[in-house]
Amino acid sequence: MDQSIYLVTLVGTALVLAAAFSSLIAFRFGAPLLLLFLGIGLATGTDGLGIEFDNASFAYFVGSLALAVILFDSGFGTPVAALRQASLPALSLATFGVVITTLAFGVAAYYLTDLNWLESFLLGSAVASTDAAAVFFLLRAGNLHIRDRVRSTLEIESGSNDPIAIFLTITLVEVIAIGADPEAEVLLLDILAGFVMQMGIGAAVGFLGGMAIVRLVEWLNLDQGLLPIFVLTLSLLVFAGAGAIGGSGFLAVYVAGLVAGNSQIRAVTTLKRFQDGMSWLAQIIMFLVLGLFATPSQFGSILLPAIVLGLFLILVARPMAVWLCLFPFSYPRNETAFISWVGLRGAVSILLAITPLLGGLEHGRMIFNTAFIIVLVSLVVQGWTIGPVARRLGLIVPARLGPLNKVELELPGSAHHELLAYTVVPGSPVARGQRIPRWARPSLVVREGRSMRFQDMGRLAAGDHVYIFVPDRYPRLLDRLFASRAEVDPEDEDFFGAFAIDPARPAEELTAAYGPELTEAERKLTIEGLIKERLGGRAEYGDRVSLGPIELIVRDVDDKGRVTAIGLSVEPAAPPPAVPFYLSASEARDRLWELFSRLRKRAPRKSQPAKDDA
């Protein structure tokens with residue numbers, strides 16, 4: 001008995017260490033990390049080193065707990081600014097997008113496999129949601145500086161679409177397990193009623209649970225080491241409580257993370273560090289367990305149909321769902337195309353594919369194996385091409401900040417305050433003599449091993465260690481002051497235009513100086529107002545507006561969305577390649593208006609009757 005404990009511990013820790021070391025390879029070469037984790041699990045499973053693991057219930061239990069931890073961390077790290085910027089389109093993708101993908105994929109699965117209609121839609125619902133871990137990692141590991149709105153849309157969608165897919169999958173498993181053949185109308189009404197109840201209860205429990213987490217953290221004076229464990233346990237309590245009373249536990253834990261992360265919770269830095277580590281551990285364990293559960297020797301008979309279905313999901317079902325969901329919003333075609341491409345499937349799809357096995361369905365193992373192959377196809381095809389596709393579509397923008405050496409510390413008794421330790425980087429604004437705001441005057445400066453007051457140090461120099469005691473919600477201004485200039489790729493040297501212009505200047509001055517055609521209403525706007533008008537009401541870092549012979553580029557935007565710096569280029573860069581699909585509502589309206597105008601011009605005019613001579 002003792003030897004078995006040691007052996008299981010030895011194998012388990014060896015797998016986790018192998019997965020952790022494989023992340024170094026993924027960060028270096030930009031490989032999909034989930035693919036490496038799954039590969040380690042497959043290599044040590046039945047068809048690899050021979051470790052037997054065929055416990056579907058245990059795999060689903062471990063995967064569900066790990067997913068709850070990941071979703072809470074995803075919600076905790078989603079800022080309000082991102083929600084304001086992309087919440088509606090992202091939630092549209094997370095709800096209607098999942099349903100559209102399920103329907104389109106289910107039709108293809110019915111004709112390409114031996115599954116019946118309900119089983120085909122069940123397979124579609126299992127692979128309908130994108131994977132938050134894969135999306136977050138590839139955007140970060142690839143060092144891709146994507147436009148803020150696109151990044152926010154992808155992150156919010158991938159973090160919030162799991163509850164919908166989970167609900168559809170479990171509902172269809174239950175319907176198929178009963179063995180009845182329900183009428184379409186009855187089934188649709190039951191699904192809608194169950195959806196409203198589960199999502200409503202889950203959202204309510206999540207909101208109340210998030211508020212309770214914040215209040216308990218404030219009221220209880222827990223030890224700094226115990227506090228993160230306390231918060232994690234409360235999040236799992238929210239997850240379990242919502243599921244126990246008929247709600248969606250996964251939605252509840254995500255909403256709880258959103259509420260807690262965007263509240264003035266104490267020790268936020270400590271919590272983020274702990275949850276980041278726990279999220280990594282949860283991902284590793286979930287991926288390894290799912291990889292161990294798979295049996296590659298069973299893939300042969302379904303390999304070709306599964307690969308075709310994976311390509312159909314990437315090239316047809318996902319693009320159709322994204323275009324329909326983003327149609328009402330003012331997303332350019334290249335942004336819509338990129339969001340469509342970054343629809344990676346991952347551990348959640350494999351986890352949901354276990355539910356048919358738990359329900360005892362006849363084709364449960366076939367559904368699981370097919371979903372597993374589809375996930376592998378998604379990771380191989382999409383995971384390794386995100387960077388090239390983003391560059392091809394012109395969505396890469398230069399980094400705002402260069403290297404920044406900063407340490408955040410939380411001191412006992414300093415609620416809502418933290419100690420920031422900066423090292424002055426050569427070329428940073430403070431090294432060049434820019435003043436530090438009065439509210440952020442350093443408490444201590446260490447230079448060449450000697451500690452002195454800021455007032456006695458004179459001008460800060462490169463290499464100085466600066467300690468500043470500020471509220472934990474400090475503005476991003478400090479990071480900008482202590483960061484060096486961002487290194488711009490040679491291809492992006494002219495990205496921000498030849499020179500800067502004042503956003504508050506009248507737009508009519510552009511017409512007088514450069515001659516772009518503006519409407520009478522546009523001439524009355526400021527240059528900032530003109531840019532926002534052309535962009536649909538909101539501008540973000542890196543946005544470009546072409547005005548005939550010139551191009552205006554948004555160089556910077558403050559925390560309130562106001563444009564603070566604009567560049568002007570008299571030699572506009574070549575536009576990104578046109579995407580033949582993904583028309584937005586505004587583009588479709590303009591196309592219809594142009595077509596209507598041409599038809600009116602071509603329509604023959606009725607001849608006027610000749611007047612009788614008087």
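**Close-up 1. L311 and the nonpolar surface patch of helix α13.** In this predicted model, L311 counts as partly exposed, at 35% relative accessibility. Its home is helix α13, which runs over residues 303-326. L311 belongs to a nonpolar patch on the surface, together with L303, I307, L315, V316, M320, W323 and L324. Add up the accessible area of the patch and you get about 630 Å².

**Close-up 2. V308 of α13 and its distance to V377.** V308 is another residue of helix α13, and at 37% relative accessibility it counts as partly exposed. Follow the sequence from V308 to V377 and you cover 69 residues, yet in space the two C-alpha atoms are 9.4 Å apart.

**Close-up 3. Helix α17, largely enclosed.** Have a look at how α17 sits: 13 of its 18 residues are buried, so the rest of the structure largely encloses this helix. From first C-alpha to last, α17 reaches 26 Å, close to the 26 Å expected at 1.5 Å a residue.

**Close-up 4. F293 meets F368 on α17.** These two rings make an edge-to-face aromatic pair, with 5.1 Å between centres and 85° between planes. The pair links distant parts of the chain, as F293 is in helix α12 (residues 268-293) and F368 is in helix α17 (residues 364-381), 75 residues apart. F293 is buried at a relative accessible area of 1%, and F368 is buried too, at 0%. Both rings also belong to one aromatic cluster, whose other members are F53, F58, F299 and F372.

**Close-up 5. The D54–R365 salt bridge, again on α17.** D54 and R365 form a salt bridge, and their closest N and O atoms are 3.0 Å apart. D54 lies in the loop between α2 (33-44) and α3 (56-76), while R365 lies in helix α17, so the pair ties together parts that are 311 residues apart in sequence. The two partners don't share the same degree of cover: D54 is exposed, at 58% relative accessibility, whereas R365 is partly exposed, at 22%. The structure holds seven salt bridges, and two others follow below.

**Close-up 6. R149 of α7, with two partners.** R149 and E335 meet through their side chains in a salt bridge, 2.9 Å from N to O. That joins distant parts of the chain, with E335 in helix α14 (residues 333-341) and R149 in helix α7, 186 residues apart. Both E335 and R149 are buried. The charged end of R149 also sits over the ring of Y331, 4.1 Å from the ring's centre. As for the helix around R149, ten of the 13 residues of α7 are buried, among them V150, L154 and E157. The end C-alpha atoms of α7 (residues 148-160) are 18 Å apart, which agrees with the 18 Å span expected at 1.5 Å a residue.

**Close-up 7. A buried salt bridge between D464 and R447.** The side chains of D464 and R447 come together in a salt bridge at 2.8 Å, N to O. D464 is in the loop between α19 (454-457) and β5 (465-471), and R447 is in strand β3 (residues 444-447), 17 residues away. Both of these charged residues are buried.

**Close-up 8. F239 against F250.** This is one of the structure's 13 aromatic pairs. The ring centres of F239 and F250 lie 5.1 Å apart with their planes at 65°, over the 60° cut-off, so the pair is edge-to-face. F239 comes from helix α10 (residues 227-244) and F250 from helix α11 (residues 249-261), eleven residues apart. Buried or exposed, what are F239 and F250? F239 is buried, with a relative accessible area of 14%, and F250 is buried with 8%.

Definitions and conventions:
Residues numbered from 1 in each chain as written. Predicted model: local features only at pLDDT ≥ 70, side-chain atom pairs only at ≥ 80, totals over all residues. Heavy atoms only, no water. Phe/Tyr/Trp six-rings, centres within 6.5 Å; stacked < 30°, edge-to-face > 60°. Helix = DSSP H or I, 4+ residues; strand = E, 2+ residues; numbered from the N terminus. Buried < 20%, exposed > 50% of the residue type's maximum accessible area, 1.4 Å probe, protein only. Lys NZ or Arg CZ within 6 Å of the ring centre and 35° of its normal. Patch = residues over 30% accessible without salt bridge, like charges linked within 9 Å, V, L, I, M, F, W, Y side chains within 5 Å. Areas by Shrake-Rupley, 256 points an atom, 1.4 Å probe, with all protein chains shown as cover. Salt bridge = Lys/Arg side-chain N within 4 Å of Asp/Glu carboxyl O. Expected span 1.5 Å × (residues − 1).
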